[in-house]
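Biologist: Please take one part of this model and go through it closely, from its pairing to its surroundings. I would like each technical word explained when it comes up.

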Amino acid sequence: MAEERRGSWFGFGFCGFGQALGSGRGRQVHSPEPLQTPGEDADVCRVSASWSYTAFVTRGGRLELSGSAGCAAGGCRDAWASEALLVVLRAGPGRGAGTELQAWAPGSALSGEPLWAHTVGPEAEGEDAPGGEPQAGALPLLPGARAYVSPRPPFYSPLAPELRARRLELGAEHALLLDEAGQVFSWGQGRHGQLGHGTLEAELEPRPLEALQGVPMAEVAAGGWHSVCVSETGDIYIWGWNESGQLALPSRSLAEVGKTAAGEASGPKEDGSDVRTAEGESGGLAPFIAIQPFPALLDLPPGTDAVKASCGSRHTAVVTRTGELYTWGWGKYGQLGHEDTSSLDRPRRVEYFVDKRLQDMYTSKQHGGHRPNPRW
């Protein structure tokens with residue numbers, strides 16, 4: 001979720017609840033379609049998608065929901081949608097109340113009292129940098145709001161004095177933090193290798209990824225149980241669970257789609273990766289990777305540099321410097337944007353934007369699919 005320059009919004013993926021992914025003609029949108037934004041000529045600046053509903057915020061501060069949850073409210077600057085919570089950044093009640101970060105039940109229609117509310121002080125919001133981007137604050141979970149999101153009152157745990165957070169990404173069981181120096185830290189559960197430390201152990205405190213020391217990173221993204229980061233020079237590093245090919249490494253589940261796999265586990269390698277074998281096309285044994293606990297360098301086509309990365313539960317998307325979108329991993333609901341529901345264990349360019357001569361600027365993480373914001 002982020003504010004981008006003016007452009008057209010497109011969506012694709014699971015649409016069984018009428019989440020305004022496009023035309024609304026089916027339960028799945030396999031290829032990008034223009035979003036059905038609320039109201040005529042609505043100047044939407046932010047889109048946040050959960051599994052069953054979508055939140056739209058206009059430049060005039062109007063919030064509208066589409067899908068399993070529906071409501072409209074004014075005075076909103078930002079919104080973050082999930083199945084458990086709808087978090088909004090909006091003007092507080094009463095004159096001079098300031099800006100509040102509020103957590104609501106998605107079906108509440110923002111009526112009554114929020115589950116909790118926290119006043120966001122000017123020093124927490126941060127000042128805008130050149131170009132209109134908010135400066136990094138303590139824990140930037142929401143743009144412009146430096147706060148920790150929980151259905152209960154937030155708890156506070158100070159970071160080391162020398163650690164200044166630039167970006168925070170949350171997976172299903174782990175967290176990634178990018179600091180101002182471009183160093184990546186991870187903590188939480190590690191049983192799928194998603195922490196990148198070479199083991200499957202949990203970490204209770206932020207721990208730097210030693211394998212990436214000396215390589216400044218510009219972006220981080222967390223999937224359900226995998227992680228991605230993009231270096232300042234455009235290289236992609238990826239690690240964690242590869243059940244659906246979301247690491248762009250050979251996956252057993254994808255091999256079994258075309259042919260029943262008859263393999264046996266060879267056990268973890270010395271570097272901690274879980275490499276197994278399955279029957280290949282020629283009848284021999286082909287390796288597949290279930291878990292990659294170290295960051296692995298991922299190659300896109302020659303001359304292609306990445307600038308942004310985003311992860312769904314079990315799929316991955318990357319935007320390049322030339323505005324192309326590549327996706328791979330789990331594609332059952334059309335969330336990869338390739339006009340079918342195939343899953344992929346290698347990056348594939350979304351041809352829709354090439355055919356339409358569009359440049360992709362942004363991808364938004366959700367379980368059901370990706371919402372890119374291309375511009376002409």
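Modeller: Two strands pair if DSSP finds at least two bridges between them. The strands themselves are DSSP runs of E with at least two residues, numbered from the N terminus. The model is predicted, so local features need a pLDDT of at least 70 and side-chain atom pairs count only at pLDDT 80 or more, while totals for chains, interfaces and linings use all residues. Residues are numbered from 1 along each chain as its sequence is written, and side-chain values use heavy atoms, with hydrogens and water left out.

The part I have chosen is strand 22, residues 315-320. On one side, strand 22 pairs with strand 21 in the antiparallel sense over five bridges. Three residues connect strand 21 to strand 22 in a hairpin. One position in this pairing is Ala309, whose bridge partner in strand 22 is Val318. Strand 22 is also joined to strand 23 by five bridges, and these two run antiparallel. Here Val319 has Leu325 in strand 23 as its bridge partner. Strand 22 and strand 23 form a hairpin too, with four residues between them. Gly323, in that turn, has a positive phi of about 85 degrees.

Is strand 22 enclosed or open? Six of its six residues are buried, so strand 22 is largely enclosed by the rest of the structure. Buried means under 20% relative accessible area, exposed means over 50%, and partly exposed is in between (1.4 Å probe, protein chains only). In a regular strand the side chains alternate between the two faces of the sheet. In strand 22, His315, Ala317 and Val319 are on one side, Thr316, Val318 and Thr320 are on the other, and both faces are covered.

The next topic is the nonpolar core. A nonpolar core is a set of buried Ala, Val, Leu, Ile, Met, Phe, Trp, Tyr and Cys residues joined through side-chain atoms within 4.5 Å. The largest one has 19 residues, and the members that touch the most others are Val228, Ile236, Ile238, Leu298, Ala309, Val318 and Trp328. At least two residues of this core come from each of strand 16, strand 17 (236-241), strand 20 (285-298), strand 21 (306-311) and strand 23. Strand 21 gives the most, with three residues. In soluble globular proteins, nonpolar side chains tend to be buried together.

Ile236 leads from this core back to the chosen strand. Contact means heavy atoms within 4.5 Å. Not counting residues up to four places away in sequence, Ile236 touches Val318. On the same count, Ile236 also touches Val228, Cys229, Ala296, Leu297, Leu298, Leu300 and Ala306. Besides this core there is a second, separate one of 16 residues, which includes Val57, Cys76, Ala79 and Leu110.

Strand 16 (residues 226-231), one of the strands that supply the largest core, has Ser231 within it. Ser231 counts as buried because its relative accessibility is 2%. The side chains of Ser231 and Thr233 make a polar contact of 3.0 Å. A polar contact is a pair of N or O atoms within 3.5 Å; within protein, one must be able to donate a hydrogen and the other to accept it, and residues adjacent in sequence count only if both atoms are side-chain atoms. Apart from neighbours within four places in sequence, Ser231 is in contact with Val215, Pro216, Met217, Ala218 and Tyr237.

Past the second hairpin, the chain continues from strand 23 (325-329) into a loop that leads to strand 24 (344-349), and His338 is in this loop. Is His338 buried or exposed? His338 is buried, because its relative accessible area is 7%. The side chain of His338 is joined to that of Thr327 by a polar contact of 2.7 Å. His338 and Val350 are twelve residues apart in sequence, and their C-alpha atoms are 6.0 Å apart. With neighbours within four places in sequence left aside, the contacts of His338 are His30, Thr327, Leu344, Arg348, Arg349 and Val350.

To sum up, strand 22 has antiparallel partners in strand 21 and strand 23, and both of its faces are covered.
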